[in-house]
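Open the model in your viewer and keep a selection prompt at hand. The stops below go from surface charges to strands to a pocket.

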Amino acid sequence: MNMTSSPRPTPIKTVRFTRTVKAPRQLVWDVWTKADHLPNWSSPNGSTVEGVESDPRPGGIFKLIMVPKGGGGFWSVGRYLEVDPPRRVVTRVGGEGPDGKLMFEVINTAEFEEQGDRTVIHATGEVIAVHDPSIGEAAMAGMDEGWKQTLDRLEAEIARAVKGQGKKP
């Protein structure tokens, strides 16, 4: 992984989404950051997630492979830049190609706002570099829909986690 910790560059593309879920903020934080939840939601429809590593602390690793139907896939690798549980998390991640080089880099920010028995999720993805234009341009073209699908899956995972809280040991 060849990521630097330089100041945040100007984004090439930015997407922003807001979702409100009926769940406590701590549970939403856990679903967003814990490795046992990430495979269930952290990719668009039609993909599976494998090989998850998540160490939510500044400098901690974030790593997973997204595998589309039909095989292939790419590693999403990066680091946690900011971690303020359960309020805010910022990661810098890149799509790693078969040669081990980054194809593109994105800074993802999630903020969790408690509102009674609900949590408002403010998610932002900022493309900050495209190293392989053939892949990076395609990734940017599908970014809006990919985030929407991923956040739909996040909502479903949060609902499962809420149901799981009600079960007695």
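Is Arg87 buried, partly exposed or exposed? The model is a predicted one, and in it Arg87 has a relative accessible area of 41%. Arg87 is partly exposed because that value falls between the limits of 20% and 50%.

**Stop 1: salt bridges**

Keep Arg87 selected and add Asp84: the two form a salt bridge, with the closest N and O atoms 3.4 Å apart. Asp84 is also partly exposed, at 36% relative accessibility. Now select Arg19, Asp152 and Glu155, which are joined into one network by salt bridges that share partners.

Next, select Glu82 and Arg88. Their closest N and O atoms are 2.9 Å apart, and the pair forms a salt bridge. Glu82 is partly exposed at 34%, and Arg88 is partly exposed at 24%.

Then pick Asp55 and Arg57, another salt bridge, with 2.7 Å between the closest N and O atoms. Arg57 has a relative accessible area of 46% and Asp55 one of 28%; Arg57 is partly exposed, and so is Asp55. Over the whole structure, a search finds 12 salt bridges.

**Stop 2: two hairpins**

Select residues 47–54, strand β2, together with β3; the strands run antiparallel and six bridges join them. For a reference pair, label Glu50, which stands opposite Ile65 in β3. Six residues lie between β2 and β3 in this hairpin, and Gly59 in the turn has a positive phi of about 90°.

Extend the selection to β4. β3 and β4 pair in the antiparallel sense, also over six bridges. Here Met66 stands opposite Phe74 in β4. This hairpin has five residues between its strands, and Gly70 in its turn shows a positive phi of about 95°.

**Stop 3: the largest pocket**

Which residues lie nearest the centre of the largest pocket? Select Ser42, Met66, Ser76, Asn108 and Trp147; these are the ones, out of 37 lining residues. The elements that give two or more residues to this lining are α1 (25–33), β3 (61–68), β4 (74–84), β5 (88–96), β6 (102–115), α2 (133–141) and α3 (143–165). Met66, met above opposite Phe74, is thus a residue to keep labelled here, as it lies among those nearest the pocket centre.

The volume of the largest pocket is about 850 Å³. Colour the lining by residue class to see 24 nonpolar residues, 13 polar and no charged.

Technical notes:
Residues are numbered from 1 along each chain as its sequence is written. This is a predicted model: local features need pLDDT of at least 70, side-chain atom pairs count only at pLDDT 80 or more; totals for chains, interfaces and linings use all residues. Side-chain values use heavy atoms; hydrogens and water are left out. On a 1 Å grid over the protein atoms alone, a cavity is a set of points where a 1.4 Å probe fits but cannot get out, and a pocket is an open set with protein on both sides within 12 Å along at least five of seven lines; lining residues have an atom within 4 Å of a point. Grid points are joined across faces, edges and corners, and a volume is the space filled by probe spheres set on the points. Helices (H or I, at least four residues) and strands (E, at least two) are DSSP runs, numbered from the N terminus. Ala, Val, Leu, Ile, Met, Phe, Trp, Tyr, Cys and Pro count as nonpolar, Asp, Glu, Lys and Arg as charged, and the others, Gly among them, as polar. Two strands pair if DSSP finds at least two bridges between them. A salt bridge is a side-chain nitrogen of Lys or Arg within 4 Å of a carboxyl oxygen of Asp or Glu. Buried means under 20% relative accessible area, exposed over 50%, partly exposed in between (1.4 Å probe, protein chains only).
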